[in-house]
Amino acid sequence: MLQKYYTVKGYGEHEIVIEKSRFICYVNRAETEEEAVAFIQQIKKKHWDATHNCSAYLIGEYDQIQKANDDGEPSGTAGVPMLEVLKKKGVKDTVAVVTRYFGGIKLGAGGLVRAYSRAVSEGLNAAGIVERRLMRVMQVTIDYSWLGKVENELRSSVYTIKNINYADRVTFDVFVPEDGQHPFNEWITELTNGRAEIRAGAMEYAERLLPSS
């Protein structure tokens, strides 16, 4: 598994108008080719009356699956430029569809490349890009008397709370860097005067939303 990678936060859409043509970009996360194809078909069904529904997607840890479709636009002016934007942004497991409604003015090959590239770039910003980093989930179990102090300290710390489970006692699931377990354990132990039960859980991806570029 990759230590970290980038992908889209989820579904997003964005529309631009160039020389009276509408370009509507739809972006989504897709972890399999089946998911990517299903999303493309969904947009095509929604915009069955569009002039073109061009698409591109990257799937896999090492971008093993890469597909681009011009859907009737001149070869190389839509799908491939869309794919290149996904690569340039460094996102994985991502599918993009750009729906075009022709406005009556031809853009030429260069104009089409710029239009589809811009549509995907702005579509990615609309969806939001996240960094997914592989972290250890540490489980911290405490009595309710420690709840307020521990939660406040965790929320103001460098650590991220994944989940809080309220049962007979309270358990915090906290994302911690794999090489940071020891200092985390020491910090929690000191914070709770040794009253916390600390266990190492599974390795999972923690997501952090990146600022728009």
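Q: In this predicted model, which residue just after α3 takes a positive phi?
A: The model is a prediction. Helix α3 covers residues 108–127. Just after α3, phi turns positive, at about 90°. The residue with that phi is Gly-128.

Q: What span does α3 reach from its first C-alpha to its last?
A: Helix α3 has 20 residues. At 1.5 Å a residue, 28 Å is expected. The helix comes close to that, reaching 28 Å.

Q: Which aromatic residue is among the buried residues of α3?
A: The buried residues of α3 include the glycines Gly-111 and Gly-123. Leu-112, Val-120 and Leu-124 are also among them. So is the aromatic one, Tyr-116.

Q: How many aromatic pairs does the count come to?
A: Ring pairs are counted when their centres lie within 6.5 Å. By this rule the count comes to six.

Q: Stacked, tilted or edge-to-face: what is the pair of Phe-23 and Tyr-116?
A: The two ring centres are 5.2 Å apart. The planes stand at 90°. Planes over 60 degrees apart count as edge-to-face. The pair is therefore edge-to-face.

Q: How many residues apart are Phe-23 and Tyr-116?
A: Phe-23 sits in strand β3. Tyr-116 belongs to helix α3. The pair links distant parts of the chain, and its two residues are both buried. Their separation is 93 residues.

Q: Why is the pair of Phe-184 and Trp-187 tilted?
A: The ring centres lie 6.4 Å apart. Stacked planes are under 30 degrees apart, and edge-to-face planes over 60. The pair is tilted because its planes stand at 50°.

Q: Which helix holds both Phe-184 and Trp-187?
A: The two residues are three apart. That is about one turn of the helix. The helix spans residues 181–191 and is α5.

Q: Buried or partly exposed: what is Trp-187?
A: Phe-184 has 0% relative accessibility, so Phe-184 counts as buried. Buried means under 20%. Trp-187 has a relative accessible area of 24%, so Trp-187 is partly exposed.

Q: Which residue forms one aromatic cluster with Phe-184 and Trp-187?
A: Phe-184 and Trp-187 both lie in α5. One aromatic cluster takes in these two residues and a tyrosine. That tyrosine is Tyr-159.

Q: Which are the edge strands of the open sheet?
A: Five strands form the sheet, with antiparallel pairing. Their order is β2-β3-β6-β4-β5. Each edge strand pairs on one side only. The edge strands are β2 (12–18) and β5 (65–69).

Q: In β6, which residue is the bridge partner of Ile-24?
A: Strand β3 (residues 21–29) pairs with strand β6 (residues 94–101). The pairing is antiparallel and runs over eight bridges. The partner of Ile-24 in β6 is Thr-99.

Q: What angle does the direction of α1 make with that of β4?
A: Helix α1 (residues 33–46) packs on the sheet. Its contacts take in β2, β3, β4, β5 and β6. With the direction of β4 (52–59), the angle is about 165°.

Q: Which helix lies across β4, β5 and β6?
A: This helix runs at about 35° to β4. It comprises residues 79–89. The helix is α2.

Q: What radius of gyration does the protein have?
A: The C-alpha trace spans about 70 × 30 × 30 Å along the principal axes. A compact globule of 213 residues would have a radius near 17 Å. The protein has 23 Å.

Technical notes
Residues are numbered from 1 along each chain as its sequence is written. This is a predicted model: local features need pLDDT of at least 70, side-chain atom pairs count only at pLDDT 80 or more; totals for chains, interfaces and linings use all residues. Side-chain values use heavy atoms; hydrogens and water are left out. Two strands pair if DSSP finds at least two bridges between them. Helices (H or I, at least four residues) and strands (E, at least two) are DSSP runs, numbered from the N terminus. Contact means heavy atoms within 4.5 Å. Axes are lines fitted to C-alpha atoms, for helices over the stretch in contact, and angles run from 0 to 180 degrees between N-to-C directions. Buried means under 20% relative accessible area, exposed over 50%, partly exposed in between (1.4 Å probe, protein chains only). The expected span of a helix is 1.5 Å times one less than its number of residues. The radius of gyration is taken over C-alpha atoms; the globule rule is 2.2 Å times the number of residues to the power 0.38.
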